[in-house]
Amino acid sequence: MTIHQNLIAGEWVGSDAIRNINPSNTNDVVGKYARASVEDTKTAIAAAKAAFPAWSRSGILERHAILRKTADEILARKDELGRLLSREEGKTLAEGIGETVRAGQIFDFFAGETLRLAGEVLPSVRPNIGVEITREPVGVVGIITPWNFPIAIPAWKIAPALCYGNTVVFKPAELVPGCSWAIVDILVRAGLPKGVLNLVIGKGSVVGQTMLDSPDVQAITFTGSTGTGKRVALASVEHNRKYQLEMGGKNPFVVLDDADLAVAVEAAVNSAFFSTGQRCTASSRVIVTEGIHDKFVAAVGERLKSVVVDDALKAGTHIGPVVDESQLRQDTDYIEIGRQEGAKLAFGGELLKRDTPGFYLAPALFTEATNDMRISREEIFGPVAAVIRVKDYEEALAVANDTPFGLSSGIATTSLKHATHFKRNAEAGMVMVNLPTAGVDFHVPFGGRKGSSHGSREQGRYANEFYTTVKTAYTLA
Ligand code: NDP
């Protein structure tokens with residue numbers, strides 16, 4: 001089997017390979033990928049630093065063309081790349097293709113943004129002086145991504161970094177290197193100069209840590225767990241560098257007595273269980289007012305009967321496997337914790353056998369949960385959700401906000417008054433009304449509050465806050 005190598009200083013290098021395993025069928029090796037060392041990572045950082053002066057001054061048409069070509073190729077190959085994504089991560093094929101299309105759209109969006117870079121010209125408060133405010137690239141950007149969105153998250157960090165003239169050292173999650181390798185390969189063939197983008201697949205504790213420890217990395221954008229995010233923050237403060245963190249969530253989905261039952265059930269099931277619950281925007285706390293509680297729980301149970309958990313690539317599968325054995329253990333441990341805490345496991349939670357050996361888990365729904373239980377407070381990151389019964393809207397809002405996290409927050413209601421109040425008072429970066437807590441557009445800001453995020457927003461035009469630095473120039477007329 002060929003080894004997919006790392007891209008360092010414009011050369012494909014490396015031989016110490018890791019195997020990328022399909023979670024739907026652990027006998028299926030998706031590919032072999034080189035593992036970067038500390039030295040490789042240092043060389044990659046030096047290459048990005050050397051490439052920065054020329055790339056930061058490159059013409060906007062050159063950047064536009066490269067990003068545009070990348071978008072075109074990703075979109076043209078959406079079925080093949082979507083399949084690779086489903087094979088390595090376990091999302092269903094429809095979800096894999098959808099995520100791939102989104103990655104293409106993100107590159108297309110930032111190709112457009114290269115042509116819309118703008119500044120401001122203001123009069124000075126002093127006579128005969130002009131003031132110009134411009135945005136400049138930051139320098140070498142370190143990109144560290146998690147396993148749960150193997151193509152979209154790399155795309156939404158790499159595309160703006162390059163668009164605004166930065167050079168990049170990119171470390172994908174070792175568990176899912178396939179899509180990352182593919183988009184780096186596409187970018188290189190689209191004409192990216194040597195050293196501008198470096199790919200260093202490898203362990204977080206080795207490759208990621210070397211990036212954190214380097215004074216030559218001027219900014220780090222990170223998506224992953226809260227624990228690793230804290231390490232990124234501490235190291236970045238030490239080096240006085242810019243950093244941006246997108247971390248965990250414990251997103252609430254509120255269902256009020258006046259909700260349209262069908263809308264509420266569909267949104268709750270999607271929020272909690274689609275993509276195997278492995279989305280930072282997934283909802284694992286379903287907060288339901290008492291007038292609709294029993295009807296809602298029964299309807300969710302009915303809906304779950306038609307949900308098919310199976311091989312991600314099989315036609316008809318709604319939910320693929322859990323990503324790997326250790327995540328599966330975390331999910332089943334939390335199911336046990338929920339039982340011991342006194343919540344009632346109303347549906348699912350059992351391991352499933354399918355035609356191929358994989359990490360299959362029936363979506364688990366607890367009822368009679370309270371908001372102080374560990375299953376309501378800690379991120380599980382799997383197809384496990386808990387229903388919390390509340391008296392009225394006011395209690396629902398208080399419970400929704402009673403969490404250390406603040407990424408996404410949803411409500412099902414037909415009341416304009418409650419929807420409007422919730423949009424204003426939910427302590428989250430994103431609010432959804434009669435929609436699942438997950439599922440966002442690519443051209444608008446993405447991010448959270450409290451323990452979920454740190455720094456400026458990702459995606460859309462707001463991305464320029466992170467990937468540029470502002471200069472104010474004064475000129476005597
Ligand atoms: P981790 O924090 O374990 O890993 C994220 C990345 O950090 C991986 O590439 C990992 O490398 C790397 N890493 C690990 N240790 C270090 C280190 N010491 N220094 C630098 N980098 C390091 O998260 P997961 O991959 O397990 O992702 C799941 C988490 O991500 C969940 O908590 C989820 O909520 C969060 N997430 C948040 C999103 C958001 O936007 N808010 C979106 C998606 C996920 P490796 O694993 O290869 O060793």
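# Ligand, cores and selected residues

Guide: In this predicted model, a nitrogen atom of the ligand has a polar side-chain atom of Gln209 3.0 Å away.

Visitor: What makes the pair formed by Gln209 and the ligand a polar contact?

Guide: The distance is 3.0 Å, and the cut-off for a pair of N or O atoms is 3.5 Å. The pair therefore counts as a polar contact.

Visitor: Which backbone atoms lie at such distances from the ligand?

Guide: A polar backbone atom of Thr145 is 2.7 Å from an oxygen atom of the ligand. A backbone N or O atom of Met247 is 2.6 Å from a nitrogen atom of the ligand. As for cover, the ligand exposes 900 Å² when taken alone, and the protein buries 87% of that.

Visitor: Which residues come nearest to the ligand?

Guide: There are 30 residues around the ligand, and the nearest are Thr145, Ser225, Met247, Cys280 and Glu379.

Visitor: How is the protein chain divided into domains?

Guide: Domain 1 covers 3–247 + 452–476, and domain 2 covers 251–433. Their C-alpha centres lie 31 Å apart. In the contact between them, 24 residues of domain 1 meet 28 residues of domain 2.

Visitor: How do you know where the largest nonpolar core lies with respect to domain 1 and domain 2?

Guide: The largest nonpolar core has 58 residues, of which Phe107, Phe110, Ile158, Leu162 and Leu187 touch the most other members. Helix α5 (residues 152–163) gives the most to this core, with nine residues. Both domain 1 and domain 2 give residues to this core, so it lies between them.

Visitor: What does Phe107 touch?

Guide: Leaving out residues up to four places away in sequence, Phe107 touches Leu67, Thr70, Ala71, Ile74, Ala155, Ile158, Ala159 and Leu187. Another core, of 29 residues, lies apart from the largest one and includes Val322, Met373, Ile388 and Leu397.

Visitor: Why is Ala398 classed as it is, buried, partly exposed or exposed?

Guide: Ala398 has 48% relative accessibility. Buried means under 20% and exposed means over 50%, so Ala398, at 48%, counts as partly exposed. Ala398 has its place in helix α13 (residues 393–401). Its C-alpha atom is 9.9 Å from that of Glu427, 29 residues apart along the chain.

Visitor: And Asn401, is it buried or exposed?

Guide: Asn401 also lies in helix α13. Its relative accessibility is 14%, and the limit for buried is under 20%, so Asn401 counts as buried.

Visitor: What does the side chain of Asn401 reach?

Guide: The side chain of Asn401 reaches the backbone nitrogen of Glu427 at 2.8 Å. Since polar contacts have a cut-off of 3.5 Å, this pair is within it. Not counting residues up to four places away in sequence, Asn401 touches Asn425, Ala426, Glu427 and Lys450.

Visitor: Which residues of α13 are buried, and what covers them?

Guide: The buried residues in α13 are Tyr393, Ala396, Leu397, Val399, Ala400 and Asn401. Their cover includes the strands β13 (251–255), β14 (283–289), β17 (384–390) and β18 (408–412), together with helix α14 (416–425).

Visitor: What is said of the phi of Asn128?

Guide: Asn128 has a positive phi of about 60°, although it is not a glycine. Asn128 lies in the loop between β6 (120–123) and β7 (129–137).

Visitor: Why is Asn128 called buried or exposed?

Guide: Its relative accessibility is 57%. Exposed means over 50%, so Asn128 counts as exposed.

Visitor: How do you know whether Gln459 is buried or exposed?

Guide: Gln459 has 1% relative accessibility. Buried means under 20%, so Gln459 counts as buried. Gln459 also has a positive phi, of about 70°, although it is not a glycine. Its loop runs between β20 and α15.

Visitor: Where does Ser456 lie?

Guide: Ser456 lies in the loop between β20 (453–454) and α15 (464–467). At 23% relative accessibility, Ser456 is not under the 20% needed for buried and not over the 50% needed for exposed, so Ser456 counts as partly exposed.

Visitor: What does Ser456 touch?

Guide: With residues up to four places away in sequence not counted, Ser456 touches Gln244, Glu465 and Phe466. Ser456 and Phe466 are 10 residues apart in sequence, and their C-alpha atoms are 6.1 Å apart in space.

Key: Residues numbered from 1 in each chain as written. Predicted model: local features only at pLDDT ≥ 70, side-chain atom pairs only at ≥ 80, totals over all residues. Heavy atoms only, no water. Core = buried A, V, L, I, M, F, W, Y, C linked by side-chain atoms within 4.5 Å. Buried < 20%, exposed > 50% of the residue type's maximum accessible area, 1.4 Å probe, protein only. Helix = DSSP H or I, 4+ residues; strand = E, 2+ residues; numbered from the N terminus. Domains from an automatic or database assignment. Contact = heavy atoms within 4.5 Å. Near = heavy atom within 4 Å. Polar contact = N/O pair within 3.5 Å; in protein donor to acceptor, adjacent residues only side chain to side chain. Areas by Shrake-Rupley, 256 points an atom, 1.4 Å probe, with all protein chains shown as cover.
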